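The following exercises concern helix packing and nonpolar cores. Each task is followed by a solution in steps.

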Amino acid sequence: MAFQKAVKGTILVGGGAVATVLGLSQFAHYRRKQVNLAFVEAADYVSEPVNREPPSREAQILTLKNTSEFDILVIGGGATGSGCALDAVTRGLKTALVERDDFSSGTSSRSTKLIHGGVRYLQKAIMKLDIEQYRLVKEALHERANLLEIAPHLSAPLPIMLPIYKWWQLPYYWVGIKLYDLVAGSNCLKSSYVLSKSRALEHFPMLQKDRLVGAIVYYDGQHNDARMNLAIALTAARYGAATANYMEVVSLLKKTDPQTGKERVSGARCKDVLTGQEFDVRAKCVINATGPFTDTVRKMDDKNAAAICQPSAGVHIVMPGYYSPESMGLLDPATSDGRVIFFLPWQKMTIAGTTDTPTDVTHHPVPSEEDINFILNEVRNYLSCDVEVRRGDVLAAWSGIRPLVTDPKSADTQSISRNHVVDISESGLITIAGGKWTTYRSMAEDTINAAVKTHDLKAGPSRTVGLFLQGGKDWSPTLYIRLVQDYGLESEVAQHLAATYGDKAFEVAKMASVTGKRWPIVGVRLVSEFPYIEAEVKYGVKEYACTAVDMISRRTRLAFLNVQAAEEALPRIVELMGKELHWDDSKKKEELETARKFLYYEMGYKSRSEQLTDRSEISLLPSDIDRYKKRFHKFDADQKGFITIVDVQRVLESIGVQMDENTLHEILNEVDLNKNGQVELNEFLQLMSAIQKGRVSGSRLAILMKTAEENLDRRVPIPVDRSCGGL
């Protein structure tokens with residue numbers, strides 16, 4: 001790819017002169033006194049992976065400390081930063097990467113999960129005759145094809161339906177989508193096509209049928225974003241890059257250039273967030289790939305540096321899988337306020353989003369109730385009136401901060417495209433900003449090209465096109481069958497492992513615990529309704545997971561799929577991680593509290609709890625109140641005005657049902673608003689009122705009491721699994 005000549009103080013726009021518009025060797029975590037690893041200098045030249053598996057975090061930190069000088073030091077472990085590290089190390093450059101939190105802990109794990117060229121960018125390119133927007137789409141479509149090839153286990157093509165409700169829109173959108181196919185050229189995944197009204201409803205039966213005239217279906221890619229980011233970082237580590245998460249840059253190092261007499265960035269002072277230890281990492285070139293925090297690092301270099309990023313918050317919600325077909329997404333191209341909303345199947349759930357709102361930069365973005373309700377209202381506009389879109393069916397919600405490049409002529413962030421820029425400061429700090437998930441690889445290539453030119457590094461061309469990411473090389477669509485046959489895993493669990501770890505799934509299967517059942521033989525689940533197993537926690541530690549939040553949100557995706565399920569799995573996850581990482585009881589308690597706080601604020605649990613509080617209004621008809629009081633009093637036989645675990649156990653025993661005390665405690669705790677160990681009549685009526693309004697769904701106590709009432713004489717088992725477990 002052509003690359004514009006880099007000079008001090010210039011901003012290079014990606015894609016040339018303008019923005020490119022488009023068995024396993026075990027390694028354990030040791031106690032500090034147990035670490036006994038030989039000093040390893042970073043590799044000078046790499047053509048093949050130097051490590052069959054990524055080294056341990058302790059070994060990586062030793063390399064960071066003991067390497068006299070790296071060629072490249074990347075700050076930031078998101079998709080772009082990890083991509084820069086992989087691009088650099090595969091060119092033969094001594095490479096280091098540090099990340100203050102976990103890999104993909106920021107924006108890269110909170111995306112719409114699409115690998116796409118950007119249909120709306122192509123529309124802008126055509127309407128405004130914008131060549132840069134066109135190049136953005138062209139480049140992104142090329143990168144889409146490459147990503148689907150190098151990580152086939154983590155990505156796949158996804159058909160997306162564009163419903164048409166006005167006849168004149170049919171030819172208009174058809175031409176636009178066909179142009180999208182045309183721009184993709186040989187990288188077109190599958191050709192788009194038109195559906196009649198009846199065929200559209202066949203494929204997407206939940207669709208609003210009134211006034212529907214037909215639909216257009218086109219193809220883009222979908223992926224598991226956090227796992228994809230992790231695969232990039234792990235691949236870089238295998239090729240010899242010294243990568244470390246929880247390694248914060250506290251300041252930049254500088255030295256005077258003897259030829260010019262000017263200060264040049266020469267490395268960074270790093271702090272191990274987990275131990276507090278600080279040390280210097282020296283490098284010929286430092287790359288700032290910190291996404292929304294781009295300007296923070298730039299101001300470390302020059303306190304007077306002008307801001308080049310304008311952060312924008314994008315909120316997504318996750319709903320039960322029955323809201324969308326298993327293999328068909330939906331695009332709303334023109335919402336009530338002009339935004340674009342995607343409605344997509346993902347991990348057997350349904351993801352909807354996104355919003356696009358200016359925001360302040362924070363490490364802990366929180367989804368607002370206003371944004372959640374905006375998405376729900378837009379979803380209601382496209383779904384049949386037979387489908388009740390309930391607030392209580394929101395299983396998880398999150399906000400991601402996009403690092404958009406500021407256009408000073410733009411009045412709002414919606415009109416800012418995600419072109420990327422490479423900025424080279426007077427002191428030699430290289431910043432990569434903007435861009436989008438899909439184009440991370442080309443962004444990294446442009447950045448390393450700039451680094452090589454500016455700092456006169458000895459390196460060849462980029463080698464990352466077609467370079468398989470960890471787990472992708474020997475993956476096949478039928479790999480999961482071998483996992484079932486060889487290890488005795490459930491088919492669902494085997495498919496999940498194959499789709500998450502690729503050809504490394506066998507290593508996870510080897511670590512799986514025996515269930516003690518006839519079938520499955522191995523693979524104890526962390527929570528009953530999801531295919532995540534305990535062995536993934538042990539393996540996740542080998543993938544640099546250091547906290548319980550790492551495990552529930554990025555090694556597994558439980559927090560992004562169902563926050564209630566994630567909270568239920570937490571105690572066992574902390575117990576397993578504690579054994580691997582030698583946590584004492586105090587550390588385990590701290591991890592539990594931190595993870596619950598993460599779920600409460602960042603993953604939508606706070607919004608869930610606000611749907612049912614001790615101040616919730618009771619809006620029930622008198623007849624409903626009488627009916628619910630009678631149900632309540634079947635459990636409160638002593639007319640105390642409240643029920644406890646003992647009361648519930650008594651009723652269950654009377655109909656021959658046994659349930660352990662811990663499960664009953666969890667069920668009552670969901671409704672016990674004042675947390676006094678009992679559910680009062682008023683709390684029960686508040687719950688039933690919230691259920692009627694759609695604010696709460698899947699309450700296990702409500703289901704249990706209703707079923708018990710109906711079956712007191714029939715003596716049949718009562719189901720207590722979550723029904724969607726909605727927020």
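**Exercise 1.** Identify which helices help to cover the buried residues of helix 3, and determine how those residues are placed around its axis.

*Solution.* In this predicted model, the cover over the buried residues of helix 3 includes helix 4 (131–150) and helix 5 (169–184). The buried residues of helix 3 (residues 119–127) are Y121, L122, K124 and A125. Because these residues span an arc of only 160° around the axis, they lie on the same side of helix 3. Just after helix 3, L129 adopts a positive phi of about 50°.

**Exercise 2.** Classify the packing of helix 20 against helix 23 by angle, and give the handedness of the crossing.

*Solution.* Helix 20 (residues 622–635) packs with helix 23 (residues 681–692) at an angle of about 130°, and their axes are 10 Å apart. Helix 20 is therefore oblique to helix 23. The crossing of the two helices is right-handed. At the contact, D624, I625, Y628, K629, R631 and F632 of helix 20 meet L681, F684, L685, M688 and Q692 of helix 23.

**Exercise 3.** State which residues touch the most other members of the largest nonpolar core, and which helix gives the largest share of this core.

*Solution.* The largest nonpolar core has 62 residues, of which M577 and L599 touch the most other members. Helix 17 (residues 563–581) supplies the largest share of this core, 10 residues. Leaving aside residues up to four places away in sequence, M577 touches partners including V537, V541, M551 and W583. Another core, of 46 residues, lies apart from the largest one, and includes A85, M228, I287 and W437.

Note on methods
Residues numbered from 1 in each chain as written. Predicted model: local features only at pLDDT ≥ 70, side-chain atom pairs only at ≥ 80, totals over all residues. Heavy atoms only, no water. Buried < 20%, exposed > 50% of the residue type's maximum accessible area, 1.4 Å probe, protein only. Helix = DSSP H or I, 4+ residues; strand = E, 2+ residues; numbered from the N terminus. Arc of directions from axis to C-beta. Contact = heavy atoms within 4.5 Å. Core = buried A, V, L, I, M, F, W, Y, C linked by side-chain atoms within 4.5 Å. Axes fitted to C-alpha atoms, helices over the stretch in contact; angles between N-to-C directions. Parallel < 35°, antiparallel > 145°, perpendicular 65-115°, else oblique. Left-handed = near helix turned anticlockwise from the far one by under 90°.
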